[in-house]
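Hi,

Here is the structure I promised to pass on. Have a look at it first, and then read on for what I found.

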Amino acid sequence: MGSGPGAHLHVEGTSRLHTVPAHAKLVGLLLFVLAVVSVPNEAALVLAALLAVAVAVLLSTRVAARHLLPRLAVETPFAVFAVVLPFVAVGPRVQLGPVSVSEAGLTAAVALLLKGTTGVVAAVAFAVTTRPRDLVRALQHLRVPDPLVLIASFMVRYVDVIGGQLRRMRVARASRGFDARSVRSWPVLAAGMGALFIRSYERGERVHLAMVSRGWSGRLPVTSPLAARPTEWLVVLGPALAAVAASVGARMVP
Amino acid sequence: MTTPVLELRGVAYAYPGGHQALFGVDLHVHPGERVALLGPNGAGKTTLVLHLNGVLSPGHGTVAVSGLPVSDEHLLEIRRRVGIVFQDPDDQLFMPTVRDDVAFGPANLGLRGAELDARVVEALEAVGVADLADRAPHHLSFGQRRRVAIATVLAMRPQILVLDEPSSNLDPASRRELADILRTLDVTILMVTHDLPYAMELCERSVVLSEGTVVGDGPTREVLGDAALMARHRLELPVGFSI
């Protein structure tokens with residue numbers, strides 16, 4: 001594996017969005033996405049405008065396209081679903097070029113594609129400008145319960161360690177002539193996953209021991225509190241407020 | 001005589017499953033000493049280490065750190081005084097960056113702000129890795145991770161540093177660099193190890209633990225030179241190594 005999520009999503013930079021404290025960005029992102037989702041499906045133009053806002057924000061990070069495009073690929077399954085939707089949905093049909101498609105399906109597909117892309121673009125803008133460590137601090141600052149913050153933090157930390165174990169187990173299997181080609185090899189793979197689970201569980205126990213030995217008392221210490229200036233809030237809440245206004249507007253003017 | 005940093009009297013311990021690991025261990029470590037704790041696999045070394053900071057409590061006997069008994073009411077102070085560096089640095093380093101990890105212990109002790117930052121820098125400098133502060137632990141080499149693991153404990157300014165197999169998995173150069181660093185640290189050290197030449201190099205005194213009891217205690221050169229004792233407890237010097 002070696003390229004675990006989290007560890008490599010962030011790209012160093014000096015843009016405005018890179019310097020804004022992570023908790024403000026997270027609030028801005030969440031509000032923006034919720035507002036976009038609440039826009040009625042029929043308001044395709046409003047959705048397109050909001051997609052343009054998200055793209056503008058992403059471009060403002062000045063991260064090279066070769067870093068951005070692979071990260072945007074996460075949307076592919078949704079895009080495929082959106083393309084299939086007009087053909088499988090029921091209801092009145094409309095003629096689209098040589099083919100006949102469901103009218104409701106077409107509207108839903110366009111909205112899904114626009115909303116999905118807007119969400120992914122905004123999330124990528126957040127991810128490329130935020131270090132995993134700052135994300136953890138942001139969650140802590142936003143009063144997310146400690147156990148959840150710790151789970152997120154340990155995932156960032158140990159995904160490569162566990163991926164490395166998985167890889168070594170695969171090499172060890174292959175070195176003894178194992179080739180997973182048929183259903184008959186599933187028990188072997190399942191046993192491997194079981195072994196990996198036990199190892200991870202035992203590692204969890206050892207990590208806990210190391211934490212306790214350094215005075216862990218069940219609460220995550222806040223070592224460097226985050227603070228955002230009003231102008232920084234304005235930067236991140238700008239797109240979110242625009243999206244809220246657009247959503248309200250689209251509902252009032254059908 | 002000064003108050004010993006570590007004072008164990010008749011420590012016995014049986015795991016909940018019934019397996020008895022320690023049968024009355026007596027051990028004193030005095031300030032400034034570097035002591036090696038030697039013993040074959042299954043001798044009870046790790047069990048003993050976990051008694052030093054109160055993770056395990058003896059079924060019989062007492063443990064005291066600089067005169068303070070290891071008991072539930074002083075656990076935080078005991079864990080400040082006894083710094084344990086575990087064998088696998090991936091277990092020890094669990095925070096997203098080196099800086100956060102080194103700050104974890106002192107932050108639990110209540111340090112904040114500039115004082116905390118200074119403590120982190122001090123600990124990282126002591127092991128020569130101040131430039132790694134903002135790196136992620138999983139991006140470091142194994143030798144660097146071992147050194148950072150030691151820094152995480154030094155940041156609590158312990159009275160005794162307990163190292164579990166400090167030389168394991170290190171290449172010869174990293175092993176020597178670590179020895180150089182350990183020699184410069186102004187702290188009492190108890191080193192659990194199978195690496196007898198390393199014990200010889202770093203520790204003036206060695207204690208042999210076997211089947212849950214102390215069977216040898218003396219100057220490292222004499223302990224390692226006692227062929228009968230060594231053979232009886234499955235301790236062997238590497239081929240070609242002589243005292």
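A quick word on naming before anything else: helices and strands here are DSSP runs, at least four residues for a helix (H or I) and at least two for a strand (E), numbered from the N terminus. With that in hand, B:Asn169 is easy to place: look in the loop between β7 (160-164) and α7 (172-184) of chain B. Please keep in mind that this is a predicted model.

What made me stop at B:Asn169 is its backbone: phi is positive, about 65 degrees, although the residue is not a glycine. B:Asn169 counts as partly exposed because 14 other C-beta atoms lie within 10 Å, and the partly exposed class sits between buried (20 or more) and exposed (12 or fewer).

Chain A has a case of this kind too. A:Arg62, also not a glycine, has a positive phi near 55 degrees. You'll find A:Arg62 in the loop that links α3 (44-60) to α4 (65-72) of chain A. With 14 other C-beta atoms within 10 Å, A:Arg62 is partly exposed.

Now for the place where the chains meet. There, 28 residues of chain B contact 24 residues of chain A. On the chain B side, α2 (75-81), α3 (89-92) and α4 (98-108) each put in at least two residues, and α4(B) gives the most, with six. By type, that side of chain B splits into 14 nonpolar, seven polar and seven charged residues.

α4(B) deserves a closer look. How many of its residues are buried? The count is 11 of 11, so α4(B) is largely enclosed by the rest of the structure. Charged side chains are no exception: B:Arg99, B:Asp100 and B:Asp101 are among the buried residues. The cover over α4(B) comes from both chains, and includes α7 (132-141) of chain A as well as α5 (113-126) and α6 (142-154) of chain B. Just after α4(B), B:Gly110 has a positive phi of about 105 degrees.

Last, a helix pair within chain A. α5 (residues 76-88) and α6 (residues 103-129) of chain A pack at about 170 degrees, their axes 7 Å apart. Anything over 145 degrees counts as roughly antiparallel, so α5(A) and α6(A) are roughly antiparallel. Among the residues that meet are A:Phe78, A:Val83 and A:Leu85 from α5(A), and A:Leu106, A:Leu112 and A:Gly116 from α6(A). This contact has 12 nonpolar residues, two polar and no charged.

Cheers

Methods
Residues numbered from 1 in each chain as written. Chains lettered and ligands numbered in written order. Predicted model: local features only at pLDDT ≥ 70, side-chain atom pairs only at ≥ 80, totals over all residues. Contact = placed C-beta atoms within 7 Å. Axes fitted to C-alpha atoms, helices over the stretch in contact; angles between N-to-C directions. Parallel < 35°, antiparallel > 145°, perpendicular 65-115°, else oblique.
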